[in-house]
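Hi everyone, thanks for coming. Today I'd like to walk you through a single chain, piece by piece, so have the picture open in front of you.

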Amino acid sequence: MKLAIASTAIEAILAHSAAAAPNEACGLLLGAPGTVERAEPAANVAAHPERSFEIDPAALLRWHREARGAGLAVIGHYHSHPNGLARPSATDAARAVVDGAVWVIAAAVGSQEPPPRPSPLSASRGGREQKASPQSEHERGDGEQSSPSPHGEPLRTESGEGRGGGSSGSHTLTAWTMTATGFTPVDLS
Ligand SMILES: [Zn+2]
């Protein structure tokens, strides 16, 4: 399966994801099968928006109506993973249904990488930092990941492909759809 996303929709998703951090952004994808024409932000009304999302039901109704009026359909939705997980989380998998909807996930770039300078030798503060061990820093930021993947698929690390590590706020997009065997990747073209 392939999905074409209009560049304006991509920009809208990226901008919304950056603005919503550290909470998850979410919104609706309008278009036709295989094509996203528009991405429309919606409020995340989840009780814990920093680690899950729930699209505002009023927005859902509104965009279904607006899509029809524009000759489009709501073909899916997007949400962001501030923790950088570049695939659906266990939480996502638990609530997804096999309905053909497209899931676009915007994963924060670099947030799963170890901190850039784990140097106890930078003793500018008199050695007080020695307790900041790499292990303790590793434990941050895996909110949604805490339960193991039900699919047992390997974690896709899309970092390290040279996208300027320092640019906080940037995201990479992946797309998925739920099938009888679980979330299946959708090629973005
Ligand atoms: Zn998610």
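Let's begin with helix α1 and what sits over it. The cover on its buried residues includes β1, β2, β3, β4, β5 and β6. Before I go on, please keep in mind that this is a predicted model.

Which residues of α1 are the buried ones? They are A9, I13, H16, S17 and A20. Looking down the axis of α1, you find these buried residues within an arc of 100°, so they line one face of the helix. Now turn to the face that points away from the buried side: there you meet the exposed residues S7, T8, E11 and A19. We can also check the length of α1. With 14 residues at 1.5 Å a residue, a span of 20 Å is expected, and the end C-alpha atoms are indeed 20 Å apart.

Let's step back to the whole chain. It has four helices and seven strands, and going along the sequence the order is β-α-β-β-α-β-α-β-α-β-β. Of the 189 residues, 32% are buried. Here is a number I like: take the contacts between residues at least 6 apart in sequence, and 74% of them join residues at least 24 apart.

Now, the strands. A quick reminder for anyone new to this: strands in a sheet pair through backbone hydrogen bonds, and the pairing can be parallel or antiparallel. In this chain, seven strands make a closed barrel in the order β1-β3-β2-β4-β5-β6-β7, and the pairing is mixed. On average, neighbouring strands of this sheet are turned by 40° against each other, ignoring direction. Our friend α1 packs on the sheet, touching β1, β2, β3, β4, β5 and β6, and its direction makes about 25° with that of β3.

Let's zoom in on β2. Six of its seven residues are buried, so to speak mostly covered. On one side, β2 pairs with β3 in the antiparallel sense over seven bridges. These two strands form a hairpin with two residues between them, and G34 in that turn has a positive phi of about 85°. With β4, β2 also runs antiparallel, and here six bridges join the two. If you want to find that pairing on screen, look for L28, whose bridge partner in β4 is H77, and for C26, which stands opposite H79 in β4.

L29 is a good place to stop for a moment. Its bridge partner in β3 is A39. What does L29 contact, leaving aside neighbours within four places in sequence? The answer is V36, A39, V74, I75, G76, H77, Y78, V102 and V104. L29 and V104 are also the residues with the most contacts inside the largest nonpolar core, which has 34 residues. Elements that each supply at least two residues of this core include β1, α1, β2, β3, α2, β4, β5 and β6. The largest share, seven residues, comes from β5.

On to the second helix. α2 has 13 residues and reaches 19 Å from its first C-alpha to its last, close to the 18 Å expected. This helix lies across β2, β3 and β4, and runs at about 140° to β4. Within α2 you'll find W63. Is W63 buried or exposed? It has 21 C-beta neighbours inside 10 Å, and 20 or more are needed, so W63 counts as buried. Not counting residues up to four places away in sequence, W63 touches L28, L30, E40 and V74. Of these, E40 is 23 residues from W63 in sequence, yet their C-alpha atoms are 8.0 Å apart in space.

We can use that reasoning on D92, which is found in helix α3. With 20 C-beta neighbours inside 10 Å, D92 counts as buried. D92 and S52 are 40 residues apart in sequence, while their C-alpha atoms are 8.3 Å apart.

Last, a couple of backbone details. Most residues other than glycine have a negative phi, and most peptide bonds are trans. Just after α2, G71 takes a positive phi of about 75°. The peptide bond from A21 to P22 is cis, with omega near 10°. You can find P22 in the loop between α1 and β2.

That's my tour, and I'm happy to go back to any part of it.

Methods: Residues numbered from 1 in each chain as written. Predicted model: local features only at pLDDT ≥ 70, side-chain atom pairs only at ≥ 80, totals over all residues. Buried ≥ 20, exposed ≤ 12 C-beta atoms within 10 Å, placed from the backbone. Contact = placed C-beta atoms within 7 Å. Core = buried A, V, L, I, M, F, W, Y, C linked by C-beta atoms within 7 Å. Expected span 1.5 Å × (residues − 1). Pairing = 2+ DSSP bridges. Axes fitted to C-alpha atoms, helices over the stretch in contact; angles between N-to-C directions. Arc of directions from axis to C-beta.
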